[in-house]
Amino acid sequence: MALGRKNYLFVGSEAGAENGAVIASLIETCKMNGVDPHAWLTTTLTAILRDHKQSQIDDLLPWNYAVTA
């Protein structure tokens, strides 16, 4: 994360910084669970576009993806 420190100065707003932190956190969570972040993100966004139920959002989290992949 030290490499991105200067880049975070240009996020544009507090909400942009929060969104960036969430994305970075999800990517690192994928790595910790042995999941390819690109594959997980592709699968998750596709599921959301295909009307994945909000009540089953836990199914899309990286540690659950590791079990199903």
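Among the elements of the protein chain in this predicted model, confidence is highest in helix α2, residues 37-49, with a mean pLDDT of 93. Helix α3, residues 62-68, has the lowest mean pLDDT of the elements, at 80. Over the protein chain the average pLDDT is 84, and 83% of the residues score at least 70. Where pLDDT is low, the predicted coordinates should not be read in detail.

The secondary structure consists of 3 helices and 0 strands. Followed along the sequence, the protein chain therefore reads α-α-α, the elements being DSSP runs numbered from the N terminus. Of its 69 residues, 16% count as buried. The accessible surface of the protein chain amounts to about 5,600 Å², and carbon and sulfur atoms account for 60% of that area.

Helix α1 spans residues 14-32. This helix has 19 residues and extends 27 Å from its first C-alpha to its last, close to the 27 Å expected at 1.5 Å a residue. Ala24, Thr29 and Cys30 are buried in α1. Just after α1, glycine 34 adopts a positive phi of about 70°.

The loop between α1 and α2 contains aspartate 36. The relative accessible area of aspartate 36 is 45%, so this residue is classed as partly exposed, the range between the 20% limit for buried and the 50% limit for exposed. Although aspartate 36 and proline 62 are 26 residues apart in sequence, their C-alpha atoms are 9.4 Å apart in space.

Within helix α2 lies alanine 47. Its relative accessible area is 18%; because buried means under 20%, alanine 47 falls in the buried class. Between the C-alpha atoms of alanine 47 and leucine 60 the separation is 8.2 Å, and the two residues are 13 residues apart along the chain.

Beyond α2, the loop that leads to α3 includes aspartate 51. The phi of aspartate 51 is near 65°, a positive value in a residue other than glycine. Aspartate 51 has a relative accessibility of 65% and therefore counts as exposed, for which the threshold is over 50%.

The largest pocket may now be considered. Its volume is about 160 Å³. The residues that line this pocket are Val22, Ile23, Leu26, Trp40, Leu41, Thr44, Leu45, Ile57, Leu60 and Leu61. Leucine 60, named above for its C-alpha separation of 8.2 Å from alanine 47, is thus one of the lining residues. Helices α1 and α2 each contribute at least two residues to the lining of the largest pocket. The largest share, 4 residues, is supplied by α2. In character, the lining of the largest pocket comprises 9 nonpolar residues, 1 polar residue and no charged residues. Helix α2, which supplies that largest share of the lining, is also the element with the highest mean pLDDT.

Key: Residues numbered from 1 in each chain as written. Predicted model: local features only at pLDDT ≥ 70, side-chain atom pairs only at ≥ 80, totals over all residues. Heavy atoms only, no water. pLDDT = per-residue confidence, 0-100. 1 Å grid on protein atoms, 1.4 Å probe; cavity = no way out; pocket = protein on both sides within 12 Å on 5 of 7 lines; lining within 4 Å. Points joined across faces, edges and corners; volume = space filled by probe spheres on them. Nonpolar A, V, L, I, M, F, W, Y, C, P; charged D, E, K, R; others polar. Expected span 1.5 Å × (residues − 1). Buried < 20%, exposed > 50% of the residue type's maximum accessible area, 1.4 Å probe, protein only. Areas by Shrake-Rupley, 256 points an atom, 1.4 Å probe, with all protein chains shown as cover.
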